[in-house]
Amino acid sequence: AGGDTDNGQVKLYNLPKLPFLGSLIPQHSGVDKFDLSKTLDWWYSSHSKFGNFYSIGMPGMGKGIYGTAYIMTDPNEYMKVLRKEGQHPFGAVMTEWPFVRYYEDGGDQPGYSAGRALFSQGESWQRIRRFMQTDLLSPDAAKGYVPGMIKACQTASQGVELYAKNINGYTAQCSFDMFSSIVFGEFPGMAGSGKKDEQDLKFCTSSIDALELVLPLMVDPTEVVQSMLGLKSKTYSTFESNFTVARKIASQKVQNFKERKSNGELANDFEKNSYASLAIDRYLTSVGEEGALEEEEVGELIMISLVAALDTTSAMLNWCIVHLAMNPHVQEALFEEVSSNVTEEGNLAADYFSSKSNSAYLNAVLRENHRITPPVAANLMKENVTDEIVIHDVTLPKQSIVLLDTRSLGMNPDVVEDPDTFDPTRWFDEEKVKGRKGTSAEVLDHPLYKEPFSAGARKCPGSRVANYEVKTMLSQLVLDWKISLAPDGNKIKNWRDISYFNGLTVQPTVPELSFEKRL
């Protein structure tokens, strides 16, 4: 590989870079053409060519006019970056300039200050983040929402047959149903077989239509330059209008909930113990205190959570469903585990998902899905905010952009046997885990390699909740149905036969599926 020497020592490989275009011109830098329908392969190809440590120009994401970023694969070395995050760490969302611009353009409109803070760093970010993650990120808080998720998933599972040709639409609606149970304690049944609320449908489609434009806008040098000049391209305007529609619908939902709460109309414990209810209580308690959030800011944070929840959860679900449909033996092994963790009434047991021993195979399925088809191609992007750092004997200047590529090693046939084969026993079989100790594959068991939610102070605040959502929905589907590719899908042999597109997340185009009711 480009940057590594024969004796195994890791050396930095510097790719050629051009102003504003970075290293994205293949003829100049040697990278493959950057194609949003092949991003997983693009990262692996770059790893194969340039090794385990290289610097690359990534316009809109890296630093300076060349867009310089450092890419590495060693999680132990990457811990040095995390230790230099400081009190006000850099977050990958700060590079998502469509959101940054949207909230800057919003000026003094109610709630926009919360959006600006969330996509920034410093004390304003810290104030907003602290409020947002309370009642969401702690293990006990996330676990408390599981009974509501199970209820939402039971309804959603009954509707899956209607979506055999549109699983992508289905999982977005499942994500909405589950997060509605968390945020409001409500059960809209969007993915079920009953009547659907038009505004809820519009929210789902507008959110997805906005989010899938974020990365295409970020990595297009023409878009970046136009935005720097204060111009609005057609693509940015489409993002803006879709996000505005989703924002207005979500804001109205928050307002309706506030009114019902203030009128004492919350009907049950699901509503009373919901994230929105607890957030409003915290807001009311803090009124008058220094640094307290304004009412509109609280509403904005709840709205952003709703939008963000759709994308990552549905991407993980879509890929997991595809892998299970292509691998019946894996699906049956998962069914055996799930079906032995139900209540006397036949419902999923809430403690199944929080018990590592009870849900060992389910966790292995999620880990294998993350190895092959993660929802974010490079999910750790940090800055050494406080000081310069030495990585593989190379000194990186303070405030360098450093990414950890957590996928490429796991797809390297020299590290993993049959990397294209979906095999959860890699993580389930203790002998296989022990067998990686002391080998080049040992890093695959490092905590930074295990899930798609980043790490450190800016880890996704909804990470635990999202994990529970995917586990619950997947378990309910496998409990209720045998899932397979539709009869004409026999030409699909493995994940490489599935097309995908990298919007904000890597979303597969799920082929038509068949669902056979389990007795």
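These legends walk through several close-up views of a predicted model.

**View 1. The largest pocket and the residues around it.** Let us begin with an open space whose volume is about 1000 Å³, the largest pocket. Its lining is made up of 35 residues, and those nearest the centre are Lys356, Asn363, Lys450, Glu451 and Asn467. The elements that each give two or more residues to this lining are H18, helix H19 (425–428) and helix H21 (463–480). Which of them gives the most to the lining of the largest pocket? That is H18, with 7 residues. Sorted by class, the lining of the largest pocket holds 17 nonpolar, 10 polar and 8 charged residues.

**View 2. The second largest pocket, with helices H4 and H12.** Here the space amounts to about 490 Å³. There are 24 residues lining the second largest pocket, and Gly60, Met61, Trp97, Val224 and Met228 are the closest to its centre. Two elements give two or more residues to this lining: helix H4 (97–105) and helix H12 (221–228). The most comes from H12, with 5 residues. The lining of the second largest pocket counts 14 nonpolar, 6 polar and 4 charged residues.

**View 3. A small closed space: the second largest cavity.** Searching the whole structure gives 4 cavities of 30 Å³ or more. This view shows the second largest cavity, which holds about 40 Å³ of space. Which residues line the second largest cavity? They are Leu24, Phe34, Trp42, Met58, Pro59, Met61 and Val219. This lining has 7 nonpolar residues, no polar ones and no charged ones. You may recognise Met61 from the previous view, where it is listed among the residues closest to the centre of the second largest pocket.

**View 4. Stacked rings of Tyr103 and Phe119.** Across the whole structure, 24 aromatic pairs are found. In this one, the ring centres of Tyr103 and Phe119 are 6.1 Å apart and the planes meet at 25 degrees, so the pair counts as stacked. The two partners link distant parts of the chain, 16 residues apart: Tyr103 belongs to helix H4, while Phe119 sits in the loop between helix H5 (112–118) and helix H6 (123–133). Are Tyr103 and Phe119 buried or exposed? Both are buried. The two also belong to one aromatic cluster, together with Trp97, Phe99, Tyr102, Tyr112, Tyr236, Phe239 and Phe243.

**View 5. Tilted rings of Tyr352 and Phe353.** The rings of Tyr352 and Phe353 also form an aromatic pair, with 4.9 Å from centre to centre and 55 degrees between the planes, and this pair is tilted. Tyr352 has a relative accessible area of 0%, so it is buried. Phe353 is buried too, because its relative accessible area is 2%.

**View 6. Asn341 and its contacts.** Asn341 is placed in the loop between helix H17 (328–339) and helix H18 (360–372). Its relative accessibility is 11%, so Asn341 counts as buried. What does the side chain of Asn341 make with the side chain of Asn358? The answer is a polar contact, at 3.4 Å. Setting aside residues up to four places away in sequence, Asn341 touches Asn347, Leu348, Ala349, Tyr352 and Asn358. Tyr352 is thus shared with the tilted ring pair of the previous view.

**View 7. Ser400 in a loop between two strands.** Where is Ser400 found? It lies in the loop between strand S6 (394–396) and strand S7 (401–404). With 7% relative accessibility, Ser400 counts as buried. Apart from neighbours within four places in sequence, Ser400 is in contact with Tyr70, Lys382, Glu383 and Asn384.

**View 8. Positive phi at Phe20 and His392.** Most residues other than glycine have a negative phi. Phe20 is not a glycine, yet it has a positive phi of about 65 degrees. The home of Phe20 is the loop between strand S1 (13–14) and helix H1 (26–29). Its relative accessible area of 45% makes Phe20 partly exposed. His392, also not a glycine, has a positive phi of about 50 degrees. His392 lies in the loop between strand S5 (389–391) and S6. At 14% relative accessibility, His392 is counted as buried.

Conventions. Residues are numbered from 1 along each chain as its sequence is written. This is a predicted model: local features need pLDDT of at least 70, side-chain atom pairs count only at pLDDT 80 or more; totals for chains, interfaces and linings use all residues. Side-chain values use heavy atoms; hydrogens and water are left out. Helices (H or I, at least four residues) and strands (E, at least two) are DSSP runs, numbered from the N terminus. Buried means under 20% relative accessible area, exposed over 50%, partly exposed in between (1.4 Å probe, protein chains only). A polar contact is a pair of N or O atoms within 3.5 Å; within protein, one must be able to donate a hydrogen and the other to accept it, and residues adjacent in sequence count only if both atoms are side-chain atoms. Contact means heavy atoms within 4.5 Å. On a 1 Å grid over the protein atoms alone, a cavity is a set of points where a 1.4 Å probe fits but cannot get out, and a pocket is an open set with protein on both sides within 12 Å along at least five of seven lines; lining residues have an atom within 4 Å of a point. Grid points are joined across faces, edges and corners, and a volume is the space filled by probe spheres set on the points. Ala, Val, Leu, Ile, Met, Phe, Trp, Tyr, Cys and Pro count as nonpolar, Asp, Glu, Lys and Arg as charged, and the others, Gly among them, as polar. Rings of Phe, Tyr and Trp (its six-membered ring) pair if their centres lie within 6.5 Å; planes under 30 degrees apart count as stacked, over 60 as edge-to-face and the rest as tilted.
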